[in-house]
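Reader: I would like to go through this model and ask what stands behind each label.
Author: Go ahead.

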Amino acid sequence: MKTALTIAGSDSSGGAGIQADLKAMTLNGVFAMSAITALTAQNTTGVTDIMDVSPKFLNAQIDAIFTDIRPDAVKIGMVSDKELIVAIADKLVEYDAKNIVLDPVMVATSGAKLLKDDAIDTLKEKLIPLANLITPNIPEAEILANTEIKDDKDMEIAAEKIANELGVNVLLKGGHSINDANDLLYETNLNKMTWINGERINNENTHGTGCTLSSAIAANLAKGKSMQESVRSAKKYLEDALKDGLDLGKGSGPMNHAFDLKEEYKN
């Protein structure tokens, strides 16, 4: 069995973060492991508290994983602290990690920046160059490209700029009033831009969609699929999870990651 590691924050409500990552990786056919960057107190209505782990403890978690069950892919999610970003980068270099997918969690749904400017600079200088793919949404891409994105053409300009300046493949996710379902993949090694069209799902419960997509992509890369195959398969998995129509909580609820679980184990 192939293996994948998620390095991210914990979501106590189970819809996003480490919890979503582990579910998505498992349901996409790999053995999932985790190194936790932060504990959060959150639910479908928002985050009420965050407690970062120390760089020393994060290092210990990553060491424990790589020295025993080496991951075939690594997904990186929420990392709010500059020192933690450096710690992750150093460990990934030390262990020559492969198939790294970075979801640059930089902007909250409300539009508030989650990373200080120096942490964003460290992310760009230390971590992004190690990634095989980054998966920014529109607001995050605007920060990385230092440009405004209003339409599909702007997405193409921003994706190419980020890919060329940072030397990384980019999956620029649509939405945010640009388009609802179509994502743009820019592959630097092929100098190729591909629109990955999707189906708009009428479901307001979208908590953890970014975490889920990037984790499913990492799982697919771990299994040896190409970059484009990995993205297309992960996007289809996300759409099917949203179609299941799970409705939990008082806010933007989670999706059912296990929609395809065999009936034998559901009852």
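**Labels and the values behind them**

Author: This is a predicted model. Helices α2 and α3 pack with their axes 9 Å apart, at an angle of about 25°.

Reader: What makes α2 and α3 roughly parallel?
Author: Angles under 35 degrees count as roughly parallel. The angle between α2 and α3 is about 25°, and the two helices are therefore roughly parallel to each other. Their crossing is right-handed.

Reader: Which side chains of α2 and α3 meet in a salt bridge?
Author: K91 in helix α3 (residues 82-94) and D63 in helix α2 (residues 55-66) are such a pair, linking distant parts of the chain, 28 residues apart.

Reader: Why is the contact of K91 and D63 called a salt bridge?
Author: The label needs a side-chain nitrogen of Lys or Arg within 4 Å of a carboxyl oxygen of Asp or Glu. For K91 and D63 the N to O distance is 2.8 Å, so the pair meets the cut-off of 4 Å.

Reader: Is K91 buried or exposed?
Author: Buried means under 20% relative accessible area. K91 has 12% relative accessibility, so K91 counts as buried. D63 has a relative accessible area of 23%, and is therefore partly exposed.

Reader: What makes D63, K91 and E94 a network?
Author: K91 forms a salt bridge with D63, and the side chains of K91 and E94 also meet in one, at 3.1 Å from N to O. D63, K91 and E94 are thus linked in a network of salt bridges. K91 and E94 both lie in helix α3, three residues apart, which is about one turn of the helix. E94 has a relative accessible area of 49% and is partly exposed; exposed would need over 50%.

Reader: How many salt bridges does a search of the whole structure find?
Author: The search finds 10 salt bridges. One of them joins K243 and E199, with the closest N and O atoms 2.9 Å apart. This pair links distant parts of the chain, with K243 in helix α8 (residues 227-243) and E199 in the loop between β9 (192-196) and α7 (209-222), 44 residues apart.

Reader: Why are K243 and E199 called partly exposed?
Author: Partly exposed lies between the cut-offs of 20% and 50%. K243 has a relative accessible area of 44%, so K243 is partly exposed. E199 has 42% relative accessibility, and E199 therefore counts as partly exposed.

Reader: In what order do the strands form the sheet?
Author: Nine strands form an open sheet in the order β3-β2-β1-β4-β5-β6-β7-β8-β9, and the pairing is mixed.

Reader: What makes β3 and β9 the edge strands?
Author: Each of them, β3 (46-52) and β9, pairs on one side only. β3 pairs with β2 in the antiparallel sense over six bridges, and A38 stands opposite D52 in β3.

Reader: How do you know that β1 and β2 pair?
Author: Two strands pair if there are at least two bridges between them. β1 and strand β2 (residues 31-43) have nine bridges, in the parallel sense. T3 stands opposite F31 in β2. From β1 the chain crosses through helix α1 (residues 17-27) to β2, in a right-handed β-α-β crossover.

Reader: Why is β1 called largely enclosed?
Author: Nine of the nine residues of β1 are buried, so the strand is largely enclosed by the rest of the structure. Strand β1 (residues 3-11) also runs parallel to β4, joined to β4 by four bridges. In β4, the bridge partner of L5 is V74, and that of I7 is I76.

Reader: Which way do the residues of β4 point?
Author: In strand β4 (residues 73-76), A73 and K75 point one way, V74 and I76 point the other way, and all are buried. In a regular strand the side chains alternate between the two faces of the sheet.

Reader: What pairs with β4 over three bridges?
Author: Strand β5 (residues 100-102) does, in the parallel sense. K75 stands opposite V101 in β5. The chain crosses from β4 through helix α3 to β5, and this β-α-β crossover is right-handed.

Note on methods: Residues are numbered from 1 along each chain as its sequence is written. This is a predicted model: local features need pLDDT of at least 70, side-chain atom pairs count only at pLDDT 80 or more; totals for chains, interfaces and linings use all residues. Side-chain values use heavy atoms; hydrogens and water are left out. Buried means under 20% relative accessible area, exposed over 50%, partly exposed in between (1.4 Å probe, protein chains only). A crossover is right-handed if, with the strands pointing away from the viewer, the path from the first strand over the helix to the second runs clockwise. Axes are lines fitted to C-alpha atoms, for helices over the stretch in contact, and angles run from 0 to 180 degrees between N-to-C directions. Angles under 35 degrees count as roughly parallel, over 145 as roughly antiparallel, 65 to 115 as roughly perpendicular and the rest as oblique. A crossing is left-handed if the near helix is turned anticlockwise from the far one by less than a right angle, and right-handed if clockwise.
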